[in-house]
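Here are a few exercises to work through with the model open in your viewer. Try each one before you read its solution.

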Amino acid sequence: MEKNLTFFEKDGKLFVSSLEIAKMVDKRHDNLTRDIRGYVELLDSSNLRSRDFFIESQYSNSQNKEQPCYFLTRRGCNIVALKLTRMKGLLFTAAYVEKFYAMEQTEKEQQQLKLPNTYKEGLLH
């Protein structure tokens, strides 16, 4: 099982692709996206904002054909991890929790290193 996840930032939020998750947990991507579509439908029908968990997107496969995928927030990763069983679920959960924690720590450290631009900012800081 692949243990390394690649995260990306968009609009100040961290995401991981469903392609990465499928690869990590050794699950067919089309089966994972099917499951996520079901989660999205259930969340939306329950008046919960599915976009806080899953963002629908597309990618080009090896035949240059557009295919659906999802970008998952930390909340989305939680839902997927809860649905995975045994070793795969445990390893995925540990990997994404560690990665999110490391990314958040890096962001905090960078914010602490920022110097004020003006005297007023310095006083407020």
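**Exercise 1.** Does Ala22 count as buried or exposed, and why?

*Solution.* Start with the ground rules: this is a predicted model, where local features need pLDDT of at least 70, side-chain atom pairs count only at pLDDT 80 or more, and totals for chains, interfaces and linings use all residues. Residues are numbered from 1 along each chain as its sequence is written, and side-chain values use heavy atoms, with hydrogens and water left out.

Next, the cut-offs: buried is under 20% relative accessible area, exposed is over 50%, and partly exposed sits in between (1.4 Å probe, protein chains only). Ala22 comes out at 5% relative accessibility, so it counts as buried.

Now look around it. Ala22 sits in helix α1, residues 18-25. Skip the neighbours within four places in sequence, and Ala22 is in contact (heavy atoms within 4.5 Å) with Lys27, Arg28, His29 and Leu32. Take Leu32: it is 10 residues from Ala22 along the sequence, and the C-alpha to C-alpha distance is 6.6 Å.

**Exercise 2.** Write out the order of the secondary structure elements from the N terminus.

*Solution.* Helices (H or I, at least four residues) and strands (E, at least two) are DSSP runs, numbered from the N terminus. Count them up and you get five helices and four strands. Walking along the chain, the order reads β-β-α-α-β-β-α-α-α. As for burial, 33% of the 125 residues count as buried.

**Exercise 3.** Describe how α2 and α3 pack, and list the residues that make the contact.

*Solution.* First the geometry. Axes are lines fitted to C-alpha atoms, for helices over the stretch in contact, and angles run from 0 to 180 degrees between N-to-C directions. On that basis, α2 (residues 29-45) and α3 (residues 74-83) pack at about 115 degrees, their axes 11 Å apart.

Then the residues. From α2 come Leu32, Ile36, Tyr39 and Leu43, while α3 brings Ile79, Val80 and Lys83.

Finally, sort them by class: Ala, Val, Leu, Ile, Met, Phe, Trp, Tyr, Cys and Pro are nonpolar, Asp, Glu, Lys and Arg charged, and the others, Gly among them, polar. That gives six nonpolar, no polar and one charged residues for this contact.

**Exercise 4.** How many aromatic pairs does the structure hold, and why is the pair of Tyr39 and Phe54 classed as it is?

*Solution.* Rings of Phe, Tyr and Trp (its six-membered ring) pair if their centres lie within 6.5 Å; planes under 30 degrees apart are stacked, over 60 edge-to-face, and the rest tilted. The structure holds five such pairs. For Tyr39 and Phe54, the ring centres are 6.1 Å apart and the planes make 35 degrees, so the pair is tilted.

Place the two partners: Tyr39 belongs to α2 and Phe54 to strand β3 (residues 54-60), 15 residues apart, so to speak linking distant parts of the chain. Both Tyr39 and Phe54 are buried. Zoom out, and ring pairs join Tyr39, Phe53, Phe54 and Tyr70 into a cluster.

**Exercise 5.** Which phi do Asp11 and Asp26 have, and where do they sit?

*Solution.* Take Asp11: its phi is positive, about 55 degrees, although it is not a glycine. Asp11 lies in the loop between β1 (7-10) and β2 (13-17), and is exposed with a relative accessible area of 73%.

Now Asp26: here too phi is positive at about 55 degrees, and the residue is not a glycine. Asp26 is in the loop between α1 and α2 and is exposed, at 61% relative accessible area.
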